[in-house]
Every structure is written in structure tokens, then in C-alpha cells.
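Q: Could we go through the domain architecture and overall dimensions of one chain in this entry?

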Amino acid sequence: MTKADLIPHLATTLEADPMEFSESTVLSDLPHWDSMRLLEVIVLMDEQLGLSLNASQLSKCQTAGQILALIEDKLSA
Amino acid sequence: MIENMQPVPMKATIAATEYYLPETVLDNDRVTTDHAEWTPEKIYDKTGIRERHIASTDECSSDLAVLACEKLFASGKCKPEEIDFILLCTQSPDYFLPTTACLIQHRLGIPLSAGALDFNLGCSGYIFGLGLAKGLIETGQAQRLLLVTSETYSKFINDGDIGTRSLFGDAAAATLIVAVEETAASDFIGPFVYGTDGSGAQNLIVPAGGMRKRTTTGELQSDRFGNRRTEKDLYMNGAEIFTFALRTVPKSVDQLLKKAECSLADVDLFVFHQANKYMLDNLRRKLAIPSEKFVIALDGCGNTVSSTIPIALKQAEAEGRLHANNKVMLVGFGVGYSWGATFVQWQGGIR
């Protein structure tokens, strides 16, 4: 899965408007942003890609792009 | 041996369980007051919790424990004078010292000849308690033992922290564990799988109030999700605890199945620590456990820490989902990190 494929998945998980969602989206600006969303990103990656994301690194992400970079790191590791 | 008679080997079994919830109810309307981004429906949808029970200001762990034990005595399953050991699991004791188990021995009129001790564990506590109880009974040190779990986590929770306030509820549970003569059948409790990883200590912690940091300024701090708490309050890193559980619980289940030489299909009922519905749903899916065999029992009480498993057992029995001789898998996991898993062959209702 490439970054371009991941973006719509991430948008759905974060309940973001797919038209306005991009790497530069600031997470705390999303209308449905809360602590549960992090867990949903973790589940998405676990179920779709079999990746276990590092929770403390994920907690530090400010933008969608930073989450995608974490996932890419995991995929290439 | 002084006499030539061999003692009859004894096995430990759960004979009965009762629980007590404090009267004050905290519903989702009140939890979401001052948190515009959350609605009561959304809390219920994510956590599976409709309401929690909260101990009153002057109500402590020993008070909840006494009420749970009195329910057990009132059920006719045992009398205080028959109890010869109390194991009490709490992380919110009445005092640093004395031991809460000693307080309840006196208040319940349990004989002076009884042993009593507290042990400090959270959501894994019930499993460890069953392990300790089995050890005491099967080595002949106890015959009729009370395993009591009692928490007032609400006293550690800041009203401004919706993350913890929406999940945890206060409760106590009392489980009677008795010695029965060994038959050809397998153990009633066990085998056990245990695990500990203190590297996760900082992710579920009350940082101040103990000896490491007895006093604080009481300054309120906000996190990135707008939750507010002081250092005397419970802190939970939800994402870390969630990934810990997803990583650890399926492994423990596999280890237990191997140790017990059985498969997932041989298990009649799964009773996991009732952390929250979201976590339980994810664990169930990951383990491919059919929902009719998987107990979710936190709607009316929330995450009651070490009491979730006995409460879930009691509710499953009341709903007709748990029957005599059922093979039940119990898994506890959480603060520490600490986790444990075991099987019980359900004998609730024996005298």
C-alpha cells in the first residue's frame, strides 16, 4: 500500500472530509478529533496491514502526514 | 507422618461470588458536562458503559468490601466463622497501614485464627488472587477462603479527565473459594499463565501521594485532548494501554491453551477483564471468538478494575450463560503492566 492509498483509509478512520484531507491536515483541527481516534488508527493499521504502530510515537503526531510517515517507516522496516 | 493416614488431597474451587456497587450513579450526561466534543451517546457507543457507581466521600474500599462479603454471607453459601483466610486486592486502601484485610476481618467477625493480607494489583488482580487461593488451599493452609477485590478509583480521578472518568467505576466483589476432595476430574482452577512488565509503569499511574512524591502543588495540567488532572490523580495513556493489551492478551490466550492442552473451541465462555467495549471488541475479533461465548458486562458499572471478572461471572450466571461444569477462560490485564490468564471449571452454587 502506498501513501496515496493510505490517505483515504486514514481519512475514513478519522471521520475527516476526504476532499479536504491531506498530509498537511492538522489533527487537532478535525471536528471528530479525540483520544479514541488514535486507537482507531492503531486498529486500522493492525487489521489492514498487520502493523503494530508505536503508541507513544503516534501520540506525538500533529499532522496526518506525520502519521503517514510513521506508517511508511514501519512498512519499509 | 505421625499417623498412618494419608490426608485426602484437596482441590480449590470457586463456590460463590457476590458484588456490591455504591449507591451514587454517574451517568453519561454528567460525564460529558463541560466536554462539548463528547455526547452521552458517543461515550456509550465507544465504551459500552451507560453508568458507573461512585463511592461517597466517606465510603472507602473496606466499606465496599464488607458489603460485598455480607451479601455472600446473606446468600447462605458460607458463614463468617467458617472463613480461615482473606485475600484482599486493592490499590485504593483505606490507609497506607494497617492492612485493609485486617479491617474487614474484624468488621465481619471472621475468626482470629484466620490469615488475612492485602495485595496490590489492578486489572490482573483477580487472576493472581485465584492463583494465591489455589496455592493456599491445595497445600492445606486454608479450607474456606474469601478472595475480595475492592476499589475506589473514583477518588483518584479528576472530574476534568473524561478519559478516565468515563471508564472507571467503584465496586467490590467477594468470591468464596473452598477446598473439595480431589476426584478423577481435572483441576477446578488452573493452569495459570502470568506476566509482568514494569516498563509500562508510567502509562497507568497515580504519580503523587505515595512515598516517591508525597505532596504536590495540586496544579491542574491539561493534555492535548483537553483532559485536566493533577499529579495526585490517575493518569492513563490510553493508546499505550490499548496497544499493550492488543499485543499481550492474544499471546496469553495462546499460552494458556497450550498449557491446558486444549483449543479455543473447547472453551464454553470467555470472561476477560472488562476494560471497555472498544478494547474487548477488538480483542474478540483478533482472537476470532464467537460473540455468544464472549461476555461483555460493563454497561451498568464501567471498568471496576479487579472486580470486573467476578462481576461478569455473576452477570453471566444470572443471564443463563454460565452453567455448572462450564470451562471458562479468565484473562486479566492492566496496570503494572501485569497480566494473567487461567481456566475455571465453574462450580458456582456448591456448598
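A: The following exchange concerns chain B.

Q: How are residues and chains labelled, and what kind of model is this?
A: Residues are numbered from 1 along each chain as its sequence is written, while chains are lettered from A and ligands numbered from 1 in the order in which they are written. This is a predicted model, in which local features need pLDDT of at least 70 and side-chain atom pairs count only at pLDDT 80 or more, whereas totals for chains, interfaces and linings use all residues.

Q: Which domains does the assignment give for chain B?
A: Domain 1 (10-181) and domain 2 (189-345) of chain B; the bounds come from an automatic or database domain assignment.

Q: How many residues of domain 1 of chain B are in contact with domain 2 of chain B?
A: 46 residues of domain 1 of chain B are in contact with 47 residues of domain 2 of chain B, contact requiring C-beta atoms, placed from the backbone, within 7 Å.

Q: What separates their centres?
A: The centres of domain 1 and domain 2 of chain B, over C-alpha atoms, are 15 Å apart.

Q: Changing topic, what is the radius of gyration of chain B?
A: Chain B has 20 Å, which agrees with the value near 20 Å for a compact globule of 351 residues; the radius is taken over C-alpha atoms, and the globule rule is 2.2 Å times the number of residues to the power 0.38.

Q: And what does the C-alpha trace of chain B span?
A: About 70 × 45 × 35 Å along the principal axes of chain B.

Methods: Contact = placed C-beta atoms within 7 Å.
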